[in-house]
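Visitor: I would like a close look at a single part of this model, the sheet and what surrounds it. Could you take me through that part slowly, one piece after another?

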Amino acid sequence: MLGDKVPGLLQCRQCPRLVRHMAALPPRKGLSRKQYWNAPVPGFGDPQARICLVGLAPGAHGANRTGRPFTGDGAGDFMYPLLHRAGFSNRAEAVHAADGLALRDLYITNAVKCLPPDNRPALEEFANCSPFLSVELASLQRLKVVLLLGQGAFSSYLRLLKGQGCIERVGAYPFSHGVVYRPQRGPVFVASYHTSRYNLQTGRIDETMFLKVLQTVHSLAGAEND
Ligand code: SF4
């Protein structure tokens, strides 16, 4: 089941703070509000994917504008060419939702599907949205590896795993870039720094680091048993 088919997602208004924030967001100069998605952004990608990449939440003028994760902002402009180089897509650019981009062996989504103020979802908002992520992951029947970008997505995923009884203690899985964990049940998961503009500008992550993470998840997907 691709993200736009997840029951109730596109109509969801469970987080009033986020709904208000989207309603008040001024468009970028030269654009109108009509050109913005301003609603829950579903995941997308290959339904046969062995790898799922999970970001934090839509970017204000990226996914929240285009309606597709990481499309149209700095994080995506950095990430998509590298995904293409690593063999996960048919083209290097992500411009808008109908640009012909097709992912291979990869599905991309966010832990929180609506735009949060200051890129900071509240704990309650992570919890509200977690069932949608759970449905997306469950629908990927060949899933072997979950790649989590940033501490927020990583922690949210740990809480989901704990709720599902796949891990006992969230604290047993500290975040660090490139770390690989095998839970008691479910796919192996990998942490990476987020490809946010801030992390790129400060040098926390760069092309070499992200390509290495992509090589890791590709190798893990091939090595994990069916
Ligand atoms: S963030 Fe998730 S749970 Fe909250 S309103 Fe958006 S889709 Fe619904």
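Guide: Let us begin with a term: a residue counts as buried if 20 or more other C-beta atoms lie within 10 Å of its own. Please keep in mind as well that this is a predicted model.

With that cut-off in hand, we can turn to strand S2, which covers residues 51-55. Five of the five residues of S2 are buried, so this strand is largely enclosed by the rest of the structure. In a regular strand the side chains alternate between the two faces of the sheet. In S2, Ile-51, Leu-53 and Gly-55 belong to one side, Cys-52 and Val-54 belong to the other, and both faces are covered.

Now let us place this strand among its companions. The sheet is open and has six strands, in the order S1-S3-S2-S4-S6-S5, with mixed pairing. Its edge strands are S1 (44-45) and S5 (180-181), each of which pairs on one side only. In the order of the sheet, S2 stands between S3 and S4, and we can look at these two partners in turn.

On the side of S4, which covers residues 145-149, S2 pairs in the parallel sense over four bridges. Two of the partners can be named: Leu-53 has Leu-147 as its bridge partner in S4, and Val-54 has Leu-148. On the side of S3, the strands S2 and S3 run parallel and are joined by five bridges, and here the bridge partner of Ile-51 is Leu-106.

Strand S3 itself, made of residues 106-110, is mostly covered, since five of its five residues are buried. Leu-106, Ile-108 and Asn-110 are buried on one side of S3, while Tyr-107 and Thr-109 are buried on the other, and in this way both faces are covered. S3 also pairs with S1, but in this case the two strands run antiparallel and are joined by two bridges; one of the bridge partners is Tyr-107 in S3, which is matched with Gly-45.

Leading up to S3 is a residue that deserves a pause. Asp-105 is found in the loop between helix H3 (74-85) and S3, and its phi is near 60°, a positive value in a residue other than glycine. Most residues other than glycine have a negative phi. Asp-105 is buried because 20 other C-beta atoms lie within 10 Å. A comparable description fits Asn-38, which lies in the loop between H1 and S1: its phi is near 50°, again a positive value in a residue other than glycine, and with 20 C-beta neighbours inside 10 Å, Asn-38 counts as buried.

From the strands we can move to the nonpolar residues that gather around them. In soluble globular proteins, nonpolar side chains tend to be buried together. The largest nonpolar core here has 62 residues, and Cys-52, Val-54, Ala-111, Leu-147, Leu-148 and Tyr-157 are the members that touch the most others. Leu-147, already met as the bridge partner of Leu-53, shows what such contacts look like: leaving aside neighbours within four places in sequence, this residue is in contact with Ile-51, Leu-53, Val-54, Val-190, Ser-192, Val-213 and Val-217.

For contrast, consider Asp-4, in the segment before helix H1 (16-24). With 15 C-beta neighbours inside 10 Å, Asp-4 counts as partly exposed. Not counting residues up to four places away in sequence, Asp-4 touches Leu-10 and Pro-42. The C-alpha atoms of Asp-4 and Tyr-157 are separated by 20 Å, and the two residues are 153 apart along the chain.

Finally, we can step back to the chain that holds the sheet. Its secondary structure comes to seven helices and six strands, and of its 226 residues 46% count as buried. Among contacts between residues at least 6 apart in sequence, 67% join residues at least 24 apart. A compact globule of 226 residues would have a radius of gyration near 17 Å, and the 16 Å of this chain agrees with that. Taken along the principal axes, the C-alpha atoms fill a box of roughly 50 × 35 × 35 Å.

Notes: Residues are numbered from 1 along each chain as its sequence is written. This is a predicted model: local features need pLDDT of at least 70, side-chain atom pairs count only at pLDDT 80 or more; totals for chains, interfaces and linings use all residues. Two strands pair if DSSP finds at least two bridges between them. A nonpolar core is a set of buried Ala, Val, Leu, Ile, Met, Phe, Trp, Tyr and Cys residues joined through C-beta atoms within 7 Å. A residue is buried if 20 or more other C-beta atoms lie within 10 Å of its own, exposed if 12 or fewer, and partly exposed in between; C-beta atoms are placed from the backbone. Two residues are in contact if their C-beta atoms, placed from the backbone, lie within 7 Å. The radius of gyration is taken over C-alpha atoms; the globule rule is 2.2 Å times the number of residues to the power 0.38.
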